[in-house]
Amino acid sequence: MMKIGEVISRARRAAGLKQKELAAAAGVHVQTLKRLEGGAGAGYSTVRALEKALAKSGATWHEVDGGYELKVKLKSKD
């Protein structure tokens with residue numbers, strides 16, 4: 001199972017977003033996102049803001065025993 005930072009990183013890349021773009025969309029500092037994707041922890045509100053921003057691109061995840069499961073259904077950019 002994946003850790004939350006890995007899930008966010010994979011979802012971001014699948015959505016074609018750069019760290020700076022996702023951070024801006026979520027209203028978090030890009031350094032916070034970089035640390036989270038690198039394995040550091042983050043507060044619930046930060047993770048939730050990133051989750052909401054990524055959901056707009058069709059990425060969702062849920063917690064499972066020992067980690068998270070990622071589902072990505074990218075929406076058309078039309």
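From the N terminus on, the elements of the chain follow the order α-α-α-α-β-β, giving 4 helices and 2 strands. Helices (H or I, at least four residues) and strands (E, at least two) are taken as DSSP runs and numbered from the N terminus. The model is predicted, with local features requiring pLDDT of at least 70 and side-chain atom pairs counted only at pLDDT 80 or more, while totals for chains, interfaces and linings use all residues. Residues are numbered from 1 along each chain as its sequence is written, and side-chain values use heavy atoms, with hydrogens and water left out.

Of the 78 residues in the chain, 33% are buried; here buried means under 20% relative accessible area, exposed means over 50%, and partly exposed lies in between (1.4 Å probe, protein chains only). The accessible surface of the chain comes to about 5,100 Å², and carbon and sulfur atoms contribute 49% of that surface. These areas come from the Shrake-Rupley method with a 1.4 Å probe, and for residues only the protein chains shown count as cover. Among contacts in the chain with a separation of 6 or more, 48% join residues 24 or more positions apart, a contact being heavy atoms within 4.5 Å.

A good place to start is helix H1. This helix spans residues 4–14, and its buried residues are Ile4, Gly5, Val7, Ile8, Ser9, Ala11 and Arg12. After H1 comes glycine 16, which has a positive phi, near 75 degrees. Helix H2 (residues 19–26) has Leu22, Ala23 and Ala26 buried. These three cover an arc of only 100 degrees around the axis, so they sit on the same side of H2; the arc is that of the directions from the helix axis to the C-beta atoms. An α-helix has 3.6 residues a turn, so residues three or four places apart point the same way. The face of H2 turned away from the buried side carries the exposed residues Lys20, Ala24 and Ala25. As for partners, the buried residues of H2 pack against H1, helix H3 (30–37) and helix H4 (44–55). Glycine 27 follows H2, and here too phi is positive, near 75 degrees.

Leucine 33 is a useful residue to follow next. Leucine 33 lies in helix H3 and is buried, with a relative accessible area of 0%. Apart from neighbours within four places in sequence, leucine 33 is in contact with Ile8, Arg12, Gln19, Leu22, Ala23 and Leu50. For one of these partners, alanine 23, the C-alpha atom is separated from that of leucine 33 by 6.5 Å, with the two positions 10 residues apart along the chain.

Arginine 12, already met in the list for leucine 33, is itself buried, with a relative accessible area of 9%. Leaving aside neighbours within four places in sequence, arginine 12 is in contact with Leu17, Lys18, Gln19, Leu22, Leu33, Glu37 and Leu54. With glutamate 37, the side chain of arginine 12 meets in a salt bridge (2.8 Å, N to O). This pair links distant parts of the chain, with arginine 12 in helix H1 and glutamate 37 in helix H3, 25 residues apart. Glutamate 37 is buried as well, at a relative accessible area of 16%.

In total, the structure holds 3 salt bridges, each defined as a side-chain nitrogen of Lys or Arg within 4 Å of a carboxyl oxygen of Asp or Glu. Side chains of opposite charge can pair when their charged atoms come close. In helix H1, the side chains of arginine 10 and glutamate 6 form one of these bridges (2.9 Å, N to O). Because arginine 10 and glutamate 6 are 4 residues apart in H1, about one helical turn separates them. Arginine 10 counts as partly exposed at 41% relative accessibility, and glutamate 6 is also partly exposed, with a relative accessible area of 33%. In helix H4, the side chains of glutamate 51 and arginine 48 meet in a salt bridge (3.0 Å, N to O). Glutamate 51 and arginine 48 are 3 residues apart, about one turn of the helix. Glutamate 51 counts as partly exposed at 22% relative accessibility, and arginine 48 is partly exposed with a relative accessible area of 33%.
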